[in-house]
Amino acid sequence: MKNIRDFTLEELEILVKDLGEPPYRAHQIFHWITCKGAQSFHEMTNLPNALRKKLSENFSLSLPEVLEIKEDLDGTIKLAFLLEDEEVIESVILPERDHFTLCVSTQVGCAMGCKFCLTGKMGFKRNLKVFEIISQVVWAKRFLKNRGEELPLRNIVFMGMGEPLANLRNLIKALKILAHPMGFNFSRKRLTVSTVGLIKEIEILGREFPVALAVSLHAPTDEIRKTLIPIAYKYSIKEILQVVKRFPRIKNGRTTIEYLLLKDLTDTSFCAEKLVELFKGLPIKINLIPFNPHPELPFERPSEKRMEEFQKFLLSHGILTTIRKSKGLKISAACGHLRAEIQKYLFPNSMNKKTTIRTG
Ligand code: SAH
Ligand code: SF4
């Protein structure tokens with residue numbers, strides 16, 4: 001049965017027309033499944049009974065089951081979800097000063113095989129459907145509401161499992177649903193798509209539904225990049241720069257260049273100088289990401305001092321540069337460490353205390 005959360009408003013309009021209903025019914029349904037968080041068609045009291053019945057006979061409203069919720073001391077919360085085919089995906093809620101940010105997954109696994117990333121190591125399983133992307137937001141909102149949190153879920157970053165632009169069609173639909181003023185109403189500049197740098201897809205996103213863009217560059221030369229990111233054999237840094245320059249800037253926002261700091265590989269003075277050459281004068285910001293170590297990953301994290309020096313050098317050359325706080329390290333919610341496996345949840349010997357949440 002098709003899940004109604006897969007539909008954009010435009011698609012719902014076509015659907016209700018086919019059912020012989022007036023167009024405003026689509027708006028009502030859309031409103032129920034987005035901001036009103038409906039869990040059954042029965043709740044949709046402003047729809048005629050016959051329509052509610054027809055919808056419930058033909059469509060599902062179900063959400064993936066929440067398998068586990070883990071909270072770190074720094075307030076980071078990891079949610080693990082069980083999908084219909086028993087795959088598991090994860091999202092991370094990150095508390096900020098005046099809002100929450102949700103990091104969502106777009107694929108089960110990832111085909112890109114970056115050498116420093118655990119999701120990459122697990123390989124590619126499948127793309128997430130639109131409703132599976134949207135459901136992560138529905139659950140996060142519900143979770144925060146049930147806990148009585150007052151701060152809003154304001155930002156969504158597509159930095160969980162998977163390469164969002166490799167699931168482009170579903171990503172764009174999900175973005176449309178999230179940004180629609182009659183739906184979740186997220187500002188487009190607060191929806192950030194992070195990509196390893198799929199050039200053609202970045203262009204399509206920029207043309208069809210531009211939101212904030214973050215490009216995972218991680219190295220300032222093609223030579224170094226190729227040792228870390230296989231797709232660097234296909235697309236050069238020069239091509240990435242061109243596409244970044246052309247990408248529409250939402251409300252004059254800057255494209256983020258994500259740059260992973262790996263000890264003695266990408267944290268050198270040579271790399272810092274090259275970065276300045278590449279980006280001086282461009283409307284970008286560089287987000288330095290401290291490497292999150294893991295026994296299976298053959299890299300090291302630079303010292304705090306080295307990372308600060310690297311940042312200072314870029315700042316001294318007029319490049320806006322931040323260092324990402326590594327939240328959620330204890331619960332392995334940190335970037336690149338989302339590698340959910342069903343076995344881990346079915347045989348949770350080594351897991352921390354399991355928590356469940358009430359729905360509604
Ligand atoms: N596929 C997309 C989005 C998901 S990865 C992308 O690569 O941009 C999200 C971010 O986590 C990327 O910037 C990625 O490079 C980073 N990341 C992956 N493994 C990491 C690790 N071990 N430590 C720190 N950051 C990592
Ligand atoms: Fe995929 Fe991003 Fe991990 Fe690379 S860093 S393997 S693109 S999820």
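**Exercise 1. Find which side chains make polar contacts with the side chain of R126, and place R126 in the fold of this predicted model.**

Step 1. The side chains of R126 and D85 are joined by a polar contact of 2.6 Å, where a polar contact is a pair of N or O atoms within 3.5 Å, of which, within protein, one must be able to donate a hydrogen and the other to accept it, residues adjacent in sequence counting only if both atoms are side-chain atoms. A further polar contact, of 2.9 Å, links the side chain of R126 with that of E132.

Step 2. R126 belongs to strand 8 (residues 124-127); strands (E, at least two residues) and helices (H or I, at least four) are DSSP runs numbered from the N terminus. With a relative accessible area of 19%, R126 is buried, the classes being buried under 20%, exposed over 50% and partly exposed in between (1.4 Å probe, protein chains only).

Step 3. Leaving aside residues up to four places away in sequence, R126 touches L83, D85, Q107, V108 and E132, with contact meaning heavy atoms within 4.5 Å.

Conventions: the model is predicted, so that local features need pLDDT of at least 70 and side-chain atom pairs count only at pLDDT 80 or more, while totals for chains, interfaces and linings use all residues. Residues are numbered from 1 along each chain as its sequence is written, chains are lettered from A and ligands numbered from 1 in the order in which they are written, and side-chain values use heavy atoms, with hydrogens and water left out.

**Exercise 2. Determine which residues of helix 7 and helix 10 are buried, and what packs against them.**

Step 1. In helix 7 (residues 199-208), the buried residues are I199, I202, L205 and G206. They lie on the same side of helix 7 because they cover an arc of only 125° around the axis, the arc being that of the directions from the helix axis to the C-beta atoms. The exposed residues K200 and R207 are carried by the face turned away from the buried side of helix 7.

Step 2. Helix 6 (168-179), strand 10 (191-195), strand 11 (212-216) and helix 9 (237-246) are what the buried residues of helix 7 pack against.

Step 3. For helix 10 (residues 269-279), the buried residues are C271, A272, L275, V276 and F279. Seen down the axis, these fall within an arc of 140°, so they line one face of helix 10. Their cover includes helix 8 (222-228), helix 9, strand 12 (255-261), strand 13 (284-290) and helix 11 (304-316). Just after helix 10, G281 takes a positive phi of about 85°.

**Exercise 3. Describe the contact between domain 1 and domain 2.**

Step 1. The chain is divided into domain 1 (4-58) and domain 2 (65-359), with bounds that come from an automatic or database domain assignment. Their centres, taken over C-alpha atoms, are separated by 33 Å, and the contact takes 14 residues from domain 1 and 15 residues from domain 2.

Step 2. The two domains bury about 1,200 Å² between them, 62% of it on carbon and sulfur atoms; buried area is the accessible area (1.4 Å probe) that two parts lose on being put together, summed over both. R5, D6 and F30 supply 41% of the area that domain 1 buries against domain 2, more than any other three residues.

Step 3. Between the domains the count is 1 salt bridge, defined as a side-chain nitrogen of Lys or Arg within 4 Å of a carboxyl oxygen of Asp or Glu.
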